[in-house]
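Please look over the chain shown here. A short report on its fold follows.

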Amino acid sequence: MNRTTLSLIAVATALAAVTGVASMSGPDGAEPTATAQVLPRPVERSSLLCPAPSVSDVAETTYTSVTPAGTKDAGTDGAAELRESTVTLVDNDKPKDDGKNEEKDGGKGSGKDAEKDAEKDAEKGGGQGGEQGKSFLTLKDPGTPVSAEAGGAEAPALVGTATGRFAPGWTAQQTTTVPVGGGRGVLGVSCTAPDTEFWFPGASTQKSRQDYVHLTNPDDSAAVVDVELYGKDGLLKAESGEGIPVPARSSVPVLLSTLTGEAADNLTVRVATRSGRVGAAVRASDDGGGSDWLAAAADPAARVVLPGIPADATDVRVVAFAPGADDAELKVQLVGADGTIIPAGNETLHVKSGMTAALDLGSVTRGQAGSLLLSPAGSRATPVTAALRVVRGKGDKQELAFIPATGKIESRATVADNRAKGSTLSLTAPGETAKVKVTASAGSDGGEPAEETYTVKGGTTLAVTPPVPAGLKGSYALTVEPQSGGPVHAARMLELPEDGVPMFTVQTLPDDRGTVFVPKAREDLSILGGQD
């Protein structure tokens, strides 16, 4: 048997374990032979990026990191550490304590010469970001979260890596409370894995909004990023969204309104790298309406689920974008506690190719938590991406949050920073009935894990107060694992009311991709193109 075949298998297995992606096929895409097996293996390395949480001097941020316990064959070694990003490009001359302290519009070199600037940074070892920042948060054991706090506008962006037993399912969350000012609210975001493309439906360049896309580079060389804005008529004319340099191990905030001369609502933001990879998230602030993070939506698909609309939502808006060559005609359905319905007067949403469309649903949940399902209204299945803007409260006591389209949980998903009170877990089964196990981890400062199993009827959303660790001290993580039945989508709402304002944030629970499938060959290795 030739050595090339053996080397290919070794490389494929190693890459799959590190990156979390594996596939297996024969020559020219043929199915693998019967003598081959595909076996699950835990990932061996994970990366997470957390954006700079706030620019308000009165902000208080809690960072939480956790790896769920119990991953089979994860080994006994490894580490998980979040380190400070060494450069965050901000305006040091900003006014103080008004809640409106904002970053620069993209840092140095935004525009056509940015790629050259990034190349120069790379030649210098990544510019100012070439060295690793100091350690900020380190895990000790899987199953037990750790947390740290930071105050004011100097709270850092974080870059982290987990290896060995800490890598499978590693999750981090940052939760920021801003009690006053234009950026008032609870801003929560699950730290993201680096990638080369992100979609953010629901952004805005209106004067009442201050939306920043934060770009964080985990690597030792500079990245170059394009930021595109799509409105109701298609791509907006951008003045400086091309070739934005993100120095090594740095975080760059870009004010969306500086990229175009158009003041537009209901925008879709596309972030794509020309070189390197980044993590991305949009921090949205609405004058008088609160603020929160808009996380990236799931990859475009013909059928999308947006889970976790609060029962007392006073206003809900869905924003959708069709990136392909075809228009999308979508059926709009609310998956509620008692079944799936079509909202009266809002039965369909038409999304033109390359354009963004929005639909106001008002107080669609009417006292029962639910989820939105968008699916083809006809025979043509056109991929779309979407997100919800959700408002609780009214007048000067209102607060907003965002819910992006989220894929089903394949094996497991975890959300960190749950408190003794204030967490609501929404489980949606848009198809068949599903059985789901929910595990509450030990507390960050003490407490014993707890577990509950729920049955979610097909076509419904089940909103529950999740289990809480016995003797809880500190915060804890929730891990959701489907056991049987149809697909499950999930989201967690965290409520932290302040002075009569129902401040809240919602994080969806995508699959943690803690396990990959790699080939195990017995005798016939021709599936990889080798020769005997």
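Which hand does the link of Cys50 and Cys191 have, and what is the angle about the S-S bond? The link is right-handed, with 110° about that bond. This is a predicted model, and the values below are computed from it.

**The disulfide**

A search of the whole structure finds 1 disulfide. Cys50 and Cys191 form it, with an S to S distance of 2.0 Å. The pair links distant parts of the chain, 141 residues apart. Cys50 sits in strand 2 (residues 45–50). Cys191 lies in the loop between strand 10 and strand 11 (197–203). Both Cys50 and Cys191 are buried. A disulfide is a covalent bond between the sulfur atoms of two cysteines.

**The chain overall**

The chain has 532 residues, and 52% of them count as buried. DSSP runs give 2 helices and 39 strands. Take the contacts with a separation of 6 or more: 82% of them come from residues 24 or more positions apart. The accessible surface of the chain is about 21,800 Å². Carbon and sulfur atoms hold 46% of that surface.

**A four-stranded sheet**

One open sheet has 4 strands in the order 7-3-9-10. The pairing is antiparallel. Its edge strands are strand 7 (146–151) and strand 10 (185–190), and each pairs on one side only. From one strand to the next, the twist averages 15°. Strand 3 (residues 60–66) pairs with strand 7 in the antiparallel sense, over 6 bridges. One bridge can be located by residue: Glu60 has Gly151 in strand 7 as its partner. Strands of a sheet pair through backbone hydrogen bonds, either parallel or antiparallel.

**Two nonpolar cores**

The largest nonpolar core has 32 residues. Leu306, Leu349, Leu372, Leu374 and Leu388 have the most contacts inside that core. Which residues does Leu388 touch, not counting residues up to four places away in sequence? They are Leu306, Ile309, Val316, Arg317, Val318, Leu372, Ala401, Phe402 and Ile403. Apart from this core lies another, of 29 residues, among them Val213, Val225, Val254 and Val278.

Val225 is a good place to look at that second core. The residue is found in strand 13 (residues 223–231). Why does Val225 count as buried? Its relative accessibility is 0%, and buried means under 20%, so Val225 qualifies. Leaving out residues up to four places away in sequence, Val225 touches Leu215, Gly241, Glu242, Gly243, Ile244, Val246, Val271, Ala272, Thr273 and Val278. Ala272 is 47 residues from Val225 in sequence, yet the C-alpha to C-alpha distance is 5.7 Å.

**A buried loop residue**

Where is Ser441 found? Ser441 is in the loop between strand 31 (434–440) and strand 32 (446–448). Is this loop residue buried or exposed? Ser441 is buried, because its relative accessible area is 10% and the cut-off is under 20%. Neighbours within four places aside, Ser441 is in contact with Gly143, Pro145, Pro449, Pro469, Tyr476 and Ala477.

The two residues with a stated accessibility are set out below.

| Residue | Location | Relative accessible area |
|---|---|---|
| Val225 | strand 13 (residues 223–231) | 0% |
| Ser441 | loop between strand 31 and strand 32 | 10% |

Note on methods
Residues are numbered from 1 along each chain as its sequence is written. This is a predicted model: local features need pLDDT of at least 70, side-chain atom pairs count only at pLDDT 80 or more; totals for chains, interfaces and linings use all residues. Side-chain values use heavy atoms; hydrogens and water are left out. Two strands pair if DSSP finds at least two bridges between them. Axes are lines fitted to C-alpha atoms, for helices over the stretch in contact, and angles run from 0 to 180 degrees between N-to-C directions. Buried means under 20% relative accessible area, exposed over 50%, partly exposed in between (1.4 Å probe, protein chains only). Contact means heavy atoms within 4.5 Å. Accessible areas come from the Shrake-Rupley method with a 1.4 Å probe; for residues, only the protein chains shown count as cover. A nonpolar core is a set of buried Ala, Val, Leu, Ile, Met, Phe, Trp, Tyr and Cys residues joined through side-chain atoms within 4.5 Å. A disulfide is a pair of cysteine sulfur atoms within 2.5 Å.
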